[in-house]
Structures are given as C-alpha cells and as structure tokens.
Amino acid sequence: MRTPVPDYLAEVADACAPSTGGELASYIPELTRVDPRYFGLAMATVDGSIYSVGDAEVEFTMQSISKAFVYGLALRDRGMRAVLEKVDVEPSGDPFDGLSFEASTGRPRNPMINAGAITAHTLVGKEGIDADERFDLIHRLLCDLAGRELRVDDEVWQSEVRTSDRNLAIAHMLRSKGVITDPAEEVISAYARQCAVLVTARDLAVMAATLANGGVQPVTGKRVFSGAQVRQLLSVMLTCGMYDSAGDWVSAVGIPAKSGVGGGILGALPSQLGIATFSPRLDAHGNSVRGIQTFERLTADMRLHLM
Ligand code: DON
C-alpha cells in the first residue's frame with residue numbers, strides 16, 4: 001500500500017537521524033541519563049490526523065516547551081493586560097537563563113526566557129493559591145493539550161531543584177522588584193516540576209496542532225485557548241521561542257516554535273500543522289541539533305516558511 005506521509009517522514013528521518021552533533025544537557029544532571037541516539041518525528045494536522053516515525057512514542061521532559069503553554073494559561077487566567085504588565089514580549093538576544101530584565105521595573109523581556117517563564121508561572125490561577133494548586137492547574141492544561149494523562153519525571157524534577165542556583169537567583173531578583181511575591185524556593189520547585197512533565201514527540205505534535213487549530217485540540221475537540229490567546233502566544237514563540245538563535249530560526253525555518261533542553265522542539269503552522277521532533281543532543285543555545293536540521297529539511301521540502 002502507498003503511504004505518502006509516513007514514507008516521506010521516514011525519508012526525512014533517514015537523512016537527519018545519523019548526525020551526531022551536539023551534547024546532552026548536563027546542568028540538570030539527571031538529563032545525562034537519556035540515550036543520545038533517540039530520534040523521533042511526529043506531525044499532526046488540524047483535522048486530527050497524526051503521523052510519526054522513529055522514537056516518537058518515547059517520553060522525555062518538556063522543559064522549556066512548557067513555557068509557551070503556561071504563558072497561554074497566564075493569559076487565560078489573568079488577561080492580556082495584567083500579563084503584559086509583568087512580562088514584556090521583546091526578544092532578549094540573550095541565552096535562556098540570561099538576566100534579561102527591564103532595569104527600572106525588573107520586568108522580564110519575554111515569557112520564553114527563564115525570568116519571564118518563572119513570572120508567567122506565578123500568574124497561573126487566582127492570586128493567593130499555593131504552589132501545588134498552581135502546578136495542578138498547569139498539569140491539567142498540559143493533559144488537555146495532549147489529550148491524555150501526562151506523568152512527571154520526579155527524578156528530573158528533583159535533580160533540577162538540587163541544581164537551581166541560577167533560577168533561584170532570578171526568582172530572588174524578581175522578588176526584589178516585586179514582579180513576583182511568592183517565596184523563591186516554592187516558585188522554583190513548582191516551575192522545575194512543570195518542566196519535568198513527560199511527553200512524547202507525538203504528544204507535542206498534537207499540542208502544536210492545537211495552536212495551529214486556533215486553540216481547539218484537534219483530536220478531543222476541546223477548546224483550550226481562545227483565538228486571541230493563541231495569536232499572542234504564537235507571536236512570542238516566533239520572535240523569542242528559540243532564544244538567542246530566534247533570528248536564525250525565523251530566517252531558516254520561518255514558523256513559530258519552542259525548544260526544550262530535554263531535546264524536544266515543536267512548531268506550529270497556523271491553520272495547517274503541528275510538528276514535533278525529539279533528539280536530545282543540543283547546540284550551544286540549548287536547542288536540539290537534529291531537531292533544527294529536521295525542521296530545516298521539512299520547511300525546504302514542504303515550503304512551510306510563513307514569509
Ligand atoms: O529552567 C531551566 O533551566 C530548565 N528547566 C528549562 C530550560 C530549557 O529547556 C531551555 N530550552 N531550550
């Protein structure tokens with residue numbers, strides 16, 4: 001039987017999987033236990049068809065990919081104006097863990113870098129809820145996006161908590177300016193737990209397809225975000241989702257995307273597709289080397305570039 005999409009994805013995987021460039025993230029020690037050879041690729045359409053190849057069913061931690069969705073949840077819970085007052089939407093040109101704040105107010109440059117993501121995390125739910133309640137709301141959102149119950153990798157969570165000096169420093173700076181008010185240790189623990197939610201490339205493709213589909217999960221039919229929330233979060237993904245290589249990404253690939261140091265990248269092509277790759281070796285910016293190669297190949301073949 002002729003299977004054009006799976007055959008094409010297998011061809012892309014054959015071309016991109018053999019590359020061995022990049023290194024596993026080691027600043028979270030538990031992430032060095034992952035097999036660096038994993039390579040998964042998945043695609044989901046806005047009408048709910050899913051195609052995948054390679055290690056697309058292997059679970060890995062979302063890490064920074066969660067930031068995009070948590071920003072969407074903050075927008076949903078607090079509204080655009082309240083969120084913009086706390087977190088700007090300007091590309092920082094700095095690494096993901098950079099100290100990129102507005103000097104006078106302490107407002108982080110954007111919600112994709114750690115400073116902005118930690119702030120957006122605290123804007124989930126009603127004011128005054130505790131860290132566990134906030135995590136539960138985030139977990140529920142991520143499960144709704146994936147259309148299944150997602151687990152947390154407790155080892156990765158605790159490993160990050162034990163090595164969180166830099167994020168704790170960021171949280172203390174945010175507190176010193178009144179941008180966040182909760183205790184830094186509690187916020188960083190819950191933020192690291194959000195980053196340790198386990199997904200597969202297949203899950204990420206469906207989550208990305210939800211954004212491509214204007215906020216409606218294409219398999220379950222559940223509305224997760226409004227059209228306006230999706231527009232805001234795709235805009236920030238396009239300009240800031242790949243940190244200090246966002247310009248390279250936009251010129252070479254040209255679709256809104258978000259990466260994580262667990263090795264995942266997701267991209268959303270509005271009204272059409274969600275795409276996800278999983279390959280744990282990272283470049284100096286913390287983005288998956290083979291993931292980027294794969295997206296470059298897909299965009300060249302399928303003319304995905306929005307411009
Ligand atoms: O906050 C951190 O450092 C990690 N939990 C997430 C960083 C990350 O995934 C950066 N993205 N490529």
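Which strands does helix α9 (residues 201-212) lie across, and at about how many degrees to β7 does it run? Let's work up to that and beyond, in four short exercises.

This is a predicted model, in which local features need pLDDT of at least 70, side-chain atom pairs count only at pLDDT 80 or more, and totals for chains, interfaces and linings use all residues. Residues are numbered from 1 along each chain as its sequence is written.

**Exercise 1. Place helix α9 on the strands.**

Step one: take the elements as DSSP runs numbered from the N terminus, with helices being H or I of at least four residues and strands E of at least two. The chain has twelve helices and seven strands.

Step two: find the crossing. Helix α9 lies across β1, β2, β6 (264-269) and β7, and runs at about 150 degrees to β7. Axes here are lines fitted to C-alpha atoms, for helices over the stretch in contact, and angles run from 0 to 180 degrees between N-to-C directions. Contact between two residues means C-beta atoms, placed from the backbone, within 7 Å.

Step three: add helix α1 (residues 4-16), which lies across β1 and β2 at about 35 degrees to β2.

**Exercise 2. Write down the strand order of the open sheet.**

Step one: two strands pair if DSSP finds at least two bridges between them. The order of the five strands is β2-β1-β7-β6-β5, with antiparallel pairing.

Step two: look at the edges. β2 (50-54) and β5 (257-259) each have a single partner strand, so one side of each is left without a neighbour in the sheet. From one strand to the next, the twist averages 10 degrees.

Step three: check one pair. β1 (residues 40-45) and β7 (residues 273-278) pair over six bridges in the antiparallel sense, and Leu 41 has Thr 277 as its bridge partner in β7.

**Exercise 3. Describe how the two domains meet.**

Step one: the bounds, from an automatic or database domain assignment, are 4-62 + 197-302 for domain 1 and 66-193 for domain 2.

Step two: count the contacts. Domain 1 brings 34 residues into contact with 33 residues of domain 2. On the domain 1 side, β4 (198-199), α9 and α10 (227-240) give two or more residues, and α10 gives the most, with seven.

**Exercise 4. Locate the ligand.**

Step one: the ligand is surrounded by 14 residues, and the closest are Gln 63, Ser 64, Cys 195, Val 261 and Gly 286. A residue is near a molecule if its C-beta atom, placed from the backbone, lies within 6 Å of it.

Step two: conclude. Both domain 1 and domain 2 give residues to this shell, so the ligand lies between them.
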